[in-house]
Structures are given as C-alpha cells and as structure tokens.
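Morning, everyone. I'd like to talk about charged side chains today. Let me put the structure up.

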Amino acid sequence: MNEYDSKAVGDLLNSTHGFEISNNPEDADLILLNTCSIREKAEEKVFHELGRWKKLKEKNPNLKIGVGGCVASQEGEKIAKRAPFVDLVFGPQTIHKVPLLLDSSKENSLAIDISFPKTEKFDVIPKKNDFSPSSFVSIMEGCNKYCSFCVVPHTRGHEISRPLDDILEEVKHLSNKGTREIVFLGQNVNAYKDSETLENKKKGLGLANLIRQSAEIENIDRIRFTTSHPFEFGEELINVYKDVPELVNHVHLPLQSGSNKILKLMRRRYSIKSYIEIIEKLKKIRPAISISSDFIVGFPGETQKDFKATLDVVDEVGFDESFSFVYSPRPNTTAKEMEDLVTYEEKKSRLYKLQEKLTNNAQRISRRMVGKVERCLVTGVSKKDPSELQSRTENNRVVNFGDSDDSLIGKFVDLEIVDSRSNSLRGVLVQ
Ligand code: SF4
C-alpha cells in the first residue's frame, strides 16, 4: 500500500510542480519519507533516516523534507519535536494534499494534515501513465476490525471502499497501457463493498463481484488481492475460484496464530476450525492452490503449547512463502496493556523455529516445481543480470531466464523450471 501511495505522490507532484524522481537524495529539492508503523522497529527507522537527512538540509537550506504514512498519522506534530527540520507531515489519507502542504510550508513552521477525508484522494491523484506488466489498484482503505495488536485502524482510519465504477475504470486504463496483472490492495480487501452489496458484505460479495467484473476486461489475465481476513472470506469469494481462471492459484490469508486462545486475545474473530474450513474449500476447488500467511510469535500470554499449536497448523496447511514476526507492542492498542511474561530470547527462539519450518515448506514447494512448465508473466529485466529477464509464476515465485528480448516484457511465456535457488527459480523458454 505504501508503494502504491508513494508512486501516486510522485505522479501528483510531477503534474502539479513538475518534480521528477531522483535516485540521489543529495540532488533532491524535496525528500518525502512514506512510513510504516506496524512494528516498533519500522517506526524507529523513520527517525534514524531523518537524522541522516538533517545533514543534507544543513548543506542545502532550500531542501524541503516531508513525512507521510502511518508514523506521520500516529505521531502528528510530535514528529517536529523530535525532528524540527521537517517541513510537512501528511497521513495515508491525505497524500493528495502534499502539493498544497508543500506550497504552504514556511521556514520554522510545520505544514500538517493527517485527517481522514473519505476517498477524495482517488479523485485527485493522476492516472498512472507508465507501462507496468503488473499494477496495484487500491480498492479500499482503513480497517474496522481493531485486532488487539494492530495500529492500522488508528493510523489509517475506518474502512472506506472506492466506488466500483472508479476501480473498473482504473483497471481498464491500466489494461490499455499494457498491464496484464492487477493486484487489488486494501488493509482488508474482503471488506470491500460497493453500494449494491452492502448487505452481502459479510459473504465477501463485494470483492467477488469486483474480481468477476475485472476479469471481463480485455487483456487482464491475472488477478491477485491482498490482504484478506479469514473472518470475511465467504462463500461468494470462494466460488470465484471455481469459475474465474484469471484469479491466481495463490491466496494470502493471514492466520497469525494456531491457538484459539491467542486468536481470541488477538480479537481475530475466527477459530482454527473455521480457518481450516476455508482452506479445505479452496483446495477442493483448486487442489494445487498455494497458501501463504502472516504469523505473530510471542503474543502476550502465548505458552509453549500455544506456539506448538501454530507449528501444527503450519504442518497441516503446508504454507508457501509467508511472513512472520515477533510481537511488537503498538501505541493505542489493547494488547499493549496485556501482561507479557515471555522473554525476548524465548520469542526470538520461537520465531527462528517457525521461520525454519516455513522456509523448509517453501523450498520443498520450489523443488517440486523443477521439471514442470509454468506460465509466467515477464515483469522486466533481471535485477541481478541485465542480460536476463525476470518473470513471475502464479504462486508469485520469481523465475529468471536467459533471454534479453525486451519485447517479451509484459507478455506471458511458458518456462520450464530447471533449478530452484533460495529466493528464485531458473527457467528455460519453451517454444
Ligand atoms: Fe489490523 Fe488487519 Fe486486524 Fe485490520 S484486520 S486491525 S488491518 S490486523
């Protein structure tokens, strides 16, 4: 979501002020930091980075510095107390106001707007005009779930869905520019609703309807969505996997913990049983579907038994590449007030065990792909070797292959997987 927002701010400043992206902060007239506050470590990095930019401002007093995103929303004017050289502060919902804030910023005073106006930012940010084989499309913002560990409802506000027609128009525009894969984005995309489907929200009809209509758009051949919540992963959404082949054979469905006791303390609103039921239904429709997840280890009250339950679910589901972190207390969340008796060393040790298991699973899946032919979307030139191209499989694996024909970028190719490496696969073009 931050990548999407950052790109939008860049495009907006290009259209209003003629700014262009610089890869070198020393050359910049304006430096913006789009921040994440999902974990304490990410938040600390913000102030560390600002400390480095302070020196640039000492050399160039005309340089403007801005902070956006969730840390900006959470800290507000307090940012200027720790970093008084910051000129503007904006929240995730006010990225469209950056040009105005920039114009109104003056020496020794902070221009700030961290409000939550509805979806007006989507009316203001310009349409993406550059070609990208895969494009993000934001469909909703914010979250009402208030999971006990999560800062998002406090920093991004309550759920707001974009009108269906606006999203479809953006998808058509991207398709005309050559995009073949759409990734629908939102803090909880299952909660997406358009006006017609308000009552059916819980069944996941809003997102299901959006996927079905997007799949009809010419040249849109792959659709992904992230992030989803098991609570609203209803029958309508599951049924889309039956009859919309454009919806990829991969789903990211955050589990967080394998213990019902911990899920309750996290206020996740589902049980292990209901989570497994969703997975079983998906596997019945798509037996080879790849499932990835998010995990939090060392949540307050997590015992060895609870942690073991998480490992057991990992074995049962056979998750593909997933994300896992040690629990990090966040401001304004209820979990922050819970008694936490597990030592940090123990939490790290649990994280290590979980990650080892997840990595082994993912590598096993990669090895199983060797010898098979995969339909891959060519996304660009290989990052490591510019004489090669890079592509992605349906389960989102990077496949590098030795072909420098740039005209393949943005096309689907069949690649035989010939090797599995730690972070990518190697493929050979099948004629
Ligand atoms: Fe945070 Fe996701 Fe829970 Fe919403 S559903 S509160 S974004 S963890």
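Start with R212. This arginine is partly exposed, at a relative accessible area of 32%. A quick note before I go on: this is a predicted model. Which residue does the R212 side chain meet in a salt bridge? It is D243, at 2.9 Å from N to O. R212 belongs to helix α9, residues 205-215, and D243 to helix α10, residues 235-243, so the bridge ties together parts 31 residues apart in sequence. D243 is partly exposed too, with a relative accessible area of 47%.

Next pair: E321 and R397. Here the closest N and O atoms are 3.9 Å apart. That still counts as a salt bridge, because the cut-off is 4 Å. Where do the two residues sit? Both are in loops. E321 is in the loop between α13 (304-317) and β13 (323-326). R397 is in the loop between β15 (389-392) and β16 (398-401). The pair links distant parts of the chain, 76 residues apart.

Now look at exposure for this pair. Is R397 buried or exposed? R397 is buried, at 3% relative accessibility. Buried means under 20%, so R397 qualifies. Its partner E321 is partly exposed, with a relative accessible area of 38%.

Third pair: K7 and D130. Their side chains form a salt bridge at 3.4 Å, N to O. K7 lies in helix α1, residues 2-17. D130 lies in the loop between α6 (120-124) and β5 (134-138). The two are 123 residues apart in sequence, so this bridge also ties separate parts together. As for exposure, K7 has a relative accessible area of 31%, and D130 has 37%. That makes K7 partly exposed, and D130 partly exposed as well.

Salt bridges can also join up. D5, E141 and R156 are linked in a network of them. How many salt bridges are there in total? The count comes to 28.

Last stop: charges on the surface. Which residues form the positive patch I want to show you? They are R39, K41, K45 and K348. Patch members have no salt bridge, so these four stand apart from the pairs we just went through. Take K41 as one of them. K41 sits in helix α2, residues 40-59. K41 is exposed, with a relative accessible area of 62%. The cut-off for exposed is over 50%, so K41 meets it.

That's my tour. Over to you for questions.

Conventions. Residues are numbered from 1 along each chain as its sequence is written. This is a predicted model: local features need pLDDT of at least 70, side-chain atom pairs count only at pLDDT 80 or more; totals for chains, interfaces and linings use all residues. Side-chain values use heavy atoms; hydrogens and water are left out. Helices (H or I, at least four residues) and strands (E, at least two) are DSSP runs, numbered from the N terminus. Buried means under 20% relative accessible area, exposed over 50%, partly exposed in between (1.4 Å probe, protein chains only). Patches are made of residues with over 30% relative accessible area and no salt bridge: like charges are joined within 9 Å, nonpolar side chains (Val, Leu, Ile, Met, Phe, Trp, Tyr) within 5 Å. Accessible areas come from the Shrake-Rupley method with a 1.4 Å probe; for residues, only the protein chains shown count as cover. Lys and Arg count as positive and Asp and Glu as negative; His and the chain ends are not counted. The place of a charge is taken as NZ of Lys, CZ of Arg, CG of Asp or CD of Glu.
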